[in-house]
Amino acid sequence: MISSNFKMAEFSVSATAAAAGIPNVIPENVKPAIRALVLNLLQPLCDATGWHDRINSGYRSPEVNKLVGGVATSQHPKGEAADNMFFKKVNGKTVYVAPIDVLRAVVASGLDFDQMIAYNGFVHLSYTTTRPNRRQILYNKSYTGPRL
């Protein structure tokens with residue numbers, strides 16, 4: 001366990017890697033970056049909101065990153081990024097949290113982040129310890145939801 005909501009193993013799960021028969025094992029030197037992402041951004045966001053996070057894509061080996069069309073400068077192979085879907089309980093039911101609400105919550109919380117990229121269906125969140133975080137809020141070109 002990295003924190004109360006996150007396990008290291010969930011960051012290596014990749015349907016793309018499994019389908020291609022490619023291992024997506026997290027190197028030891030990448031694990032500190034994943035821990036920093038969780039402890040400084042993802043877990044504090046869950047704590048502040050009461051939400052549950054499902055990682056769609058965490059660590060990506062360079063091969064997996066290439067297969068999914070990730071850019072060469074992607075933070076996923078460095079362990080600094082995760083694509084997230086958040087859920088909350090409403091009247092006993094689990095409800096999806098829209099990307100715009102995730103962006104609003106991160107900004108309102110004052111949490112440090114490198115990038116937040118809104119996609120239809122998930123939010124890319126990144127955090128780095130190698131330089132100051134940029135606090136960039138971006139929107140994927142196919143994103144059709146509201147903006148800040």
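These legends accompany close-up views of a predicted model of one protein chain.

**View 1. Overall fold of the protein chain.** The protein chain has 4 helices and 6 strands. Along the sequence, the order is α-α-β-α-β-β-α-β-β-β. The radius of gyration is 15 Å, close to the 15 Å from the globule rule for 148 residues, so the chain is as compact as a globular protein of that length. Along the principal axes, the C-alpha atoms fill a box of roughly 40 × 35 × 35 Å. Among contacts with a separation of 6 or more, 61% join residues 24 or more positions apart.

**View 2. Surface and charge of the protein chain.** Of the 148 residues, 45% count as buried. The chain exposes about 7600 Å². Carbon and sulfur atoms supply 55% of that area. The chain carries 16 positive and 10 negative charges. The mean positions of these two sets are 5 Å apart.

**View 3. The largest nonpolar core.** In soluble globular proteins, nonpolar side chains tend to be buried together. Here the largest nonpolar core has 33 residues. Which members touch the most other members? They are Phe11, Ile34, Leu42 and Leu125. At least two core residues come from each of α2 (31-49), β2 (81-90), α4 (99-109), β4 (115-119) and β5 (122-126). The largest share belongs to α2, with 8 residues.

**View 4. Surroundings of Phe11.** Phe11 is one of the core residues that touch the most other members. The contacts listed here leave out residues up to four places away in sequence. On that count, Phe11 touches Ile2 and Phe6. Phe11 also touches Asn24 and Ile26. Further contacts of Phe11 are Ile34, Leu37, Val38 and Leu42. Ile55, Gly58, Tyr59 and Ala82 complete the list. Two of these partners, Ile34 and Leu42, are themselves among the core members with the most contacts to other members.

**View 5. Helix α4 and its packing.** Six residues of α4 are shown as buried: Pro99, Ile100, Val102, Leu103, Ala105 and Val106. What do the buried residues of α4 pack against? Their partners are α2, β2, β3 (93-97), β4, β5 and β6 (136-139). α4 also supplies at least two residues of the largest nonpolar core. Gly110 follows the helix. The phi of Gly110 is positive, near 75 degrees.

**View 6. Ala19 in helix α1.** Ala19 is found in α1, which spans residues 15-20. Is Ala19 buried or exposed? Its relative accessibility is 71%, so Ala19 counts as exposed, the cut-off being over 50%. Ala82 lies 63 residues away from Ala19 along the chain. The C-alpha atoms of Ala19 and Ala82 are separated by 20 Å. Ala82 is also one of the residues that Phe11 touches.

**View 7. Two loop residues with positive phi.** Most residues other than glycine have a negative phi. Asn91 is not a glycine, yet its phi is positive, at about 50 degrees. Asn91 sits in the loop between β2 and β3. With a relative accessible area of 78%, Asn91 is exposed. Arg135 is not a glycine either, and its phi is positive, at about 55 degrees. Where does Arg135 lie? Its place is the loop between β5 and β6. The relative accessible area of Arg135 is 37%, so this residue is partly exposed.

Methods
Residues are numbered from 1 along each chain as its sequence is written. This is a predicted model: local features need pLDDT of at least 70, side-chain atom pairs count only at pLDDT 80 or more; totals for chains, interfaces and linings use all residues. Side-chain values use heavy atoms; hydrogens and water are left out. A nonpolar core is a set of buried Ala, Val, Leu, Ile, Met, Phe, Trp, Tyr and Cys residues joined through side-chain atoms within 4.5 Å. Buried means under 20% relative accessible area, exposed over 50%, partly exposed in between (1.4 Å probe, protein chains only). Contact means heavy atoms within 4.5 Å. The radius of gyration is taken over C-alpha atoms; the globule rule is 2.2 Å times the number of residues to the power 0.38. Accessible areas come from the Shrake-Rupley method with a 1.4 Å probe; for residues, only the protein chains shown count as cover. Lys and Arg count as positive and Asp and Glu as negative; His and the chain ends are not counted. The place of a charge is taken as NZ of Lys, CZ of Arg, CG of Asp or CD of Glu.
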